[in-house]
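Subject: Structure handover

Hello,

Here is the structure I said I would pass on. My notes follow it.

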Amino acid sequence: MHGPGDSSIEFLRTHHGVMRVPSPKIEMVVKPAFLPPALCADLIHLIETDRRPSTLADYNGDTAFRTSETCDMKVEEPAVREAERMLTDFTGINPAHGETLQGQRYEVGQEFKQHTDWFNPDGEDWEKFCSVAGQRTWTFMVYLNDVEAGGTTRFKSIGKKVEPEAGKLVGWNNRKADGSGNVNTLHHAMKVRKGMKYVITKWYREKPWG
Ligand SMILES: O=C(O)CCC(=O)C(=O)O
Ligand SMILES: [Fe+2]
């Protein structure tokens, strides 16, 4: 049995249209057309009107590491509430374990270089980011638009590339069976070559968030 901050492949596969990425190294699913086009458009509008330069939890000295812009999605907005509700139904995770839904916007040339979403328990930022809510359990992100060129999310160690497509969801377990971080979740949001890219991301924690 898994905890309230956790999802499972078995549960996710009960939803219509969910594909498991066929790799024993990672628990990962893709579901095309998870969010309807009108909701994607509303979320894009919110990101457009309220964005700031993205930050890094573990700053590594590379100012070009994450060049996108970020929006903390406000639950007062009906579109955000609807997306949150759909994510709760889909993941089966108690929403109290979710971080604030985050929007991302990438212009041509912007990217988020290879990283994991889980934190290193031996790193200096563990205390700051994980002492209360614990490790990140699952990541679920949704592409909000079709990108003209580029913007692929590449998982190098499993040889998987996920192409942006309006409404498509991708989700993965950040941990191995023993609860430690899975290095096979390393991923790179590659540079947008043409057009713009918008995504929303939901990260879940072992313990309740804030
Ligand atoms: O935009 C993407 O394709 C991935 C974003 C990402 O990895 C993140 O925000 O942690
Ligand atoms: Fe990431």
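Which residues does the UniProt annotation "domain: Fe2OG dioxygenase" cover? According to that record, an unreviewed entry, the domain covers residues 97-206. Please keep in mind that this is a predicted model. Across residues 97-206 the chain is 41% strand and 5% helix, and the C-alpha atoms at the two ends are 7 Å apart.

Ligand 1 has a shell made up of Gln104, Phe112, Asp117, Met141, Thr153, His187, Ala189, Val199 and Thr201. Two or more of these residues come from strand 12 (187-189), and the same holds for strand 14. By type, the shell has four nonpolar residues, four polar and one charged.

On the packing: the largest nonpolar core has 32 residues. The members that touch the most others are Leu43, Ala83, Val142, Leu144, Val199 and Ile200. At least two core residues are supplied by each of strand 2 (28-31), helix 2 (37-49), helix 3 (78-91), strand 7 (136-143), strand 11 (169-173) and strand 14 (197-205). Val199 thus appears both in this core and around ligand 1.

Val142 is in contact with Val199 and Ile200. Setting aside neighbours within four places in sequence, its other contacts are Phe34, Leu35, Gly167, Lys168 and Leu169.

Lastly, Tyr59 lies in the loop between strand 3 (52-53) and strand 4 (69-72). Tyr59 counts as exposed because it has 11 C-beta neighbours inside 10 Å, and the cut-off for exposed is 12 or fewer. Its C-alpha atom is 25 Å from that of Gly150, which is 91 residues away along the chain.

Regards

Technical notes:
Residues numbered from 1 in each chain as written. Chains lettered and ligands numbered in written order. Predicted model: local features only at pLDDT ≥ 70, side-chain atom pairs only at ≥ 80, totals over all residues. Core = buried A, V, L, I, M, F, W, Y, C linked by C-beta atoms within 7 Å. Buried ≥ 20, exposed ≤ 12 C-beta atoms within 10 Å, placed from the backbone. Helix = DSSP H or I, 4+ residues; strand = E, 2+ residues; numbered from the N terminus. Contact = placed C-beta atoms within 7 Å. Near = placed C-beta within 6 Å. Nonpolar A, V, L, I, M, F, W, Y, C, P; charged D, E, K, R; others polar. UniProt positions renumbered as here; feature names shortened; annotations may be inferred.
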